[in-house]
Amino acid sequence: MSQASEHSTALTAADINNPFYYQENFITVIKWVTEFHARLLLKAELELIDRFLTLPQQPQALLIRLLLRKGPLFRVAKLSYPEIDSITASICALETDGWLTTEALLGLENLANLFTKAELAVLLDEDTAHNYSLAKHNKATFIAALSKQSGQFAAPEQVVSLGHHALFQRLRLMFFGTLRQDFSAFVTTELGHTRYEQVKLTTDTCAFQCRSDVDTYLYLDELSQNPEQACAADMLAALKSQAAQSTSLWLTRKRSRLLFDLGVKSAREQQFLVSNEAFEHSTHPAARLRLARSLERQGALENAFELACADPLNLDEEVGFERLKVRVGKKISQNYTTVVKAFSPPSFQLTLAPHDNSVEWAALEALQRLDDTSSYHYCENKLFCALFGLTFWPAIFAPIQGAFFHPFQRQPNDLYDADFYSRRREIIEQQFELLTQDPLRLLQRWDEKIGLSNPFVDWRSIDRALITLALSCINTTQLIAIFRRMLSSLYNLRRGFPDLIAFNPTASTFQLIEVKSPTDKLQDHQRAWLQFFAEQKIKASVCHILYSG
DNA sequence: TAAGCTTGCG
DNA sequence: TTCACACGTTCGG
DNA sequence: GAACGTGTGTCTCGCAAGCTTACG
Ligand SMILES: [Mn+2]
Ligand SMILES: [Mn+2]
């Protein structure tokens, strides 16, 4: 277990009743970042932050209001906040350091976003205006008409734009470790809409190790926002050169995702020079397989075969490489014969009348009617994930170094890393032990943790009674075996569970059923779970649906 | 004028 | 906007 | 049958205001 440096860190959210609660929270974050992670900021940035912190209270409040909104352009006349006395005075104050800038000219797109259809109509030249009516033509028509007049327009009223966007983006990223979260986390948490497990934080922990990692993230995020902009080859070159200097695992993952998408897109456009290289440089779980198939389509059969002979890194590769070798082996007279045979799970057929709801629900109803010894539930991954999340709660939220760095995290940063288990081995094994001793202990944990965010527990789709039922019907040894398999690759193996589960409380047994409509077929990872269940002597089968008439 | 969507807000 | 799953089309043997 | 691309439900809450469009 990692040692926490005892910089006890109270990061408290502001009281909602404070009319300036947003200001308080924003300042809290700024101070947190500048105090503890100043080494990731440039001198110029720190100076700018200083000036921000010394802004008079009212203009600063207004600026923060605007920073929290979509922006970056605002109509001054539309701004109104009861807690801010003089909007215009504050605007003036904010124009001195470039926090806000008045925009005299507006591009058409900005203009159209800021003003209503009626307001745009006024801007039409007089001789064209009479061709259009507000009732008959939609807003796009007016925009198109305006575009024939000009691409730039004098702002009809004062419009301001936010400055220093890059700095604030950077600060938000450094605090949250992602750009997908924003300051609304403070409020939703304060209101109790979302609740997070409280993990002891240490001030020396940040989402980022070095400044260049922050830069990298910002760059990758920008690329993923508008991937259409750069040409594919340029993008590839940029991502490649960046990869050379980065060590961070999760940034590599983020970049690999982009490279993978780039590869898929280029391959579709038959730009194989780009796509092959993009796949090669991507660590995305599906990248190698995709590359191998792409090579096959390009006719580079030897290359494809060779790649498919690599050790499979995951289930998809295992199955996909095998299929490819069989397919391509014949053509290049490699004479490859398959050793592995696809597992075929037990199955049965069920005939249904036409139904409105989904095939899973319809099958559930039909099966339930045929069998009054068991209760049927449509859970897919939800139930086993919930059991997993409850069982390993203390491990998931263990204060491992670097795993948690702000109070609004739903999961540790390394949840899907290969060493998730090894970094928590002791505590995980301890929970296995507790589970063996007393499975019903999980119900206590349910009561204790109910409502708290957990990456495996969806509180609304599962209830306490179902957990109780599950614990009384699922043999602990079997449950442990399932958990061990999940732990071997959390990212891949938290999905693929059969649609339905049926509990027989009298016999203390259960069975799993994957429903397949006539048009659907078993996915590889679903098949893998079914094979595992068969090996573990867990009753699991596929229900093939037929339709009457 | 109602419905449907986005945005802001706490 | 992401994820997991289902559905539908294309393609080659 | 395999592979690929697309569609669907779901999403962290609930409400109000403002705007646009479809509809009668
Ligand atoms: Mn399913
Ligand atoms: Mn199914």
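A salt bridge is counted here when a side-chain nitrogen of Lys or Arg lies within 4 Å of a carboxyl oxygen of Asp or Glu. The views below come from a predicted model.

**View 1. Arg-288 and Glu-317 meet in a salt bridge through their side chains.** The N to O distance in this pair is 2.7 Å, which falls under the definition because the limit is within 4 Å. The contact links distant parts of the chain, since Arg-288 belongs to helix 15 (residues 287–298) and Glu-317 to helix 17 (residues 315–331), with their positions 29 residues apart in the numbering. Arg-288 is partly exposed, with a relative accessible area of 22%, whereas Glu-317 is buried, with a value of 2%.

**View 2. A salt bridge between Glu-296 and Arg-327 also links helix 15 and helix 17.** The closest N and O atoms of Glu-296 and Arg-327 are 2.9 Å apart, and the two residues are 31 residues apart along the chain. Here the acidic partner, Glu-296, counts as buried at 13% relative accessibility, while Arg-327 counts as partly exposed at 36%.

**View 3. Asp-215 and Arg-170 form a salt bridge that belongs to a network.** The closest N and O atoms of this pair are 2.7 Å apart. Asp-215 lies in helix 11 (residues 211–225) and Arg-170 in helix 9 (residues 165–176), so that distant parts of the chain, 45 residues apart, are linked by the pair. Asp-215 is partly exposed, with a relative accessible area of 30%, whereas Arg-170 counts as buried at 9% relative accessibility. Through salt bridges that share partners, Glu-45, Arg-170, Arg-211 and Asp-215 are joined into one network. A search of the whole structure finds 23 salt bridges. In general, side chains of opposite charge can pair when their charged atoms come close.

**View 4. Asp-499, Glu-514 and Val-515 coordinate the manganese ion (ligand 2).** The contacts are made by OD of Asp-499, OE of Glu-514 and O of Val-515, at distances of 2.0 to 2.3 Å. Along the chain, the donors of this manganese ion follow the spacing D-x14-E-V. Asp-499 also bridges the manganese ion (ligand 2) and the manganese ion (ligand 1), and these two ions lie 3.6 Å apart. Glu-514 is buried, with a relative accessible area of 2%, and Val-515 is likewise buried, with a relative accessible area of 2%.

**View 5. Five strands form an open sheet with mixed pairing.** The strands are arranged in the order 6-10-9-8-7. Strand 6 (347–352) and strand 7 (375–378) stand at the edges, and because each has a single partner strand, one side of each is left without a neighbour in the sheet. From one strand to the next, the twist averages 30 degrees.

**View 6. Strand 7 runs antiparallel to strand 8 (residues 500–504).** Four bridges join these two strands, and within the pairing His-377 stands opposite Ile-501 in strand 8. Strand 7, which covers residues 375–378, is one of the edge strands of the sheet.

Key:
Residues numbered from 1 in each chain as written. Chains lettered and ligands numbered in written order. Predicted model: local features only at pLDDT ≥ 70, side-chain atom pairs only at ≥ 80, totals over all residues. Heavy atoms only, no water. Pairing = 2+ DSSP bridges. Axes fitted to C-alpha atoms, helices over the stretch in contact; angles between N-to-C directions. Buried < 20%, exposed > 50% of the residue type's maximum accessible area, 1.4 Å probe, protein only. Donors = N, O, S within 2.8 Å, 3.2 Å for Na, K, Ca; no water.
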